[in-house]
Amino acid sequence: MISPGLHQHASGDDLIQARPAQRGLLPPAPPGPAPLRVIGDAVDWSIVIIGAVMIVLVFINVVMHAFGKDMAATTEMCELLMVWVTFLGGAAAARRGAHMAITELIDKLGTGPRRLMDLAISAVSAAVLASLVWYGWGITVAGWTNRLTVLDIPMSFQYLALPVASFITLLFVLWDGLQIMRGRSHQERFGCN
């Protein structure tokens with residue numbers, strides 16, 4: 001019997017480590033190779049840290065408004081951080097198989113056709129993500145001459161969220177596609193989802 005929060009796979013891959021559900025700030029993460037777990041944990045902690053910084057900045061600005069003052073850079077900094085936390089949040093959701101999906105039709109498919117449909121969806125997702133990395137990098141490079149108004153830093157720091165988070169998401173999608181090819185079900189790939 002598997003204890004609650006412990007992920008296990010039938011094949012016993014050396015790359016996949018069963019690990020207990022995390023307690024504390026981070027939600028449980030699915031099993032995977034060590035490099036993907038490290039990247040995933042870095043993404044999760046980045047989201048927590050960015051969120052905390054945004055809360056502090058907005059709180060300070062609200063308090064300053066009570067005294068008739070304003071930190072102009074707060075709005076621009078929070079916009080920049082919001083872009084990063086949004087794209088990184090998408091990567092964190094992809095890691096856990098938590099993106100919204102309407103599965104009424106594919107749930108009615110048998111095991112073989114369902115696996116092919118899941119693989120096709122992963123392939124299309126990977127192609128879209130690869131294009132976001134490619135074109136996102138182009139936008140980032142082009143944005144180095146444009147500057148944020150108040151912070152006076154290149155807008156590329158904001159644009160960089162697109163290719164970086166899309167690349168990380170692509171890694172999780174490719175890993176999931178490999179797991180689908182190995183015949184693992186959604187439950188086996190993502191654990192408690």
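## Empty space and a helix pair in a predicted model

About 140 Å³ of space lies in the largest cavity of this structure, which is a predicted model. A search of the whole structure finds 1 cavity of 30 Å³ or more. The largest cavity has a lining of 13 residues, and those nearest its centre are P30, P31, R95, F172 and W175. At least two lining residues come from each of α1 (34–66), α2, α5 and α6, with α5 giving the most, namely 4 residues.

The largest pocket holds about 700 Å³ of space. Its lining is made up of 30 residues, of which G97, H99, A101, I121 and S125 are the closest to the centre of the pocket, and the elements that contribute two or more residues to this lining are α2, α3 (111–142), α5 and α6 (186–190).

The two linings divide by class as follows.

| Lining | Nonpolar | Polar | Charged |
|---|---|---|---|
| Largest cavity | 7 residues | 2 residues | 4 residues |
| Largest pocket | 17 residues | 9 residues | 4 residues |

Helix α2 (residues 72–96) also packs against helix α5 (residues 161–181), at an angle of about 5° and with the axes 8 Å apart. Because angles under 35 degrees count as roughly parallel, α2 is roughly parallel to α5. On the α2 side the contact is made by V83, W84, F87, L88, G90, A91, A94 and R95, and on the α5 side by A161, L162, V164, A165, I168, T169 and F172. By class, the residues of this contact comprise 12 nonpolar, 2 polar and 1 charged. R95 and F172, which take part in the contact, are also among the residues nearest the centre of the largest cavity.

Technical notes:
Residues numbered from 1 in each chain as written. Predicted model: local features only at pLDDT ≥ 70, side-chain atom pairs only at ≥ 80, totals over all residues. Heavy atoms only, no water. Axes fitted to C-alpha atoms, helices over the stretch in contact; angles between N-to-C directions. Parallel < 35°, antiparallel > 145°, perpendicular 65-115°, else oblique. Contact = heavy atoms within 4.5 Å. Nonpolar A, V, L, I, M, F, W, Y, C, P; charged D, E, K, R; others polar. 1 Å grid on protein atoms, 1.4 Å probe; cavity = no way out; pocket = protein on both sides within 12 Å on 5 of 7 lines; lining within 4 Å. Points joined across faces, edges and corners; volume = space filled by probe spheres on them.
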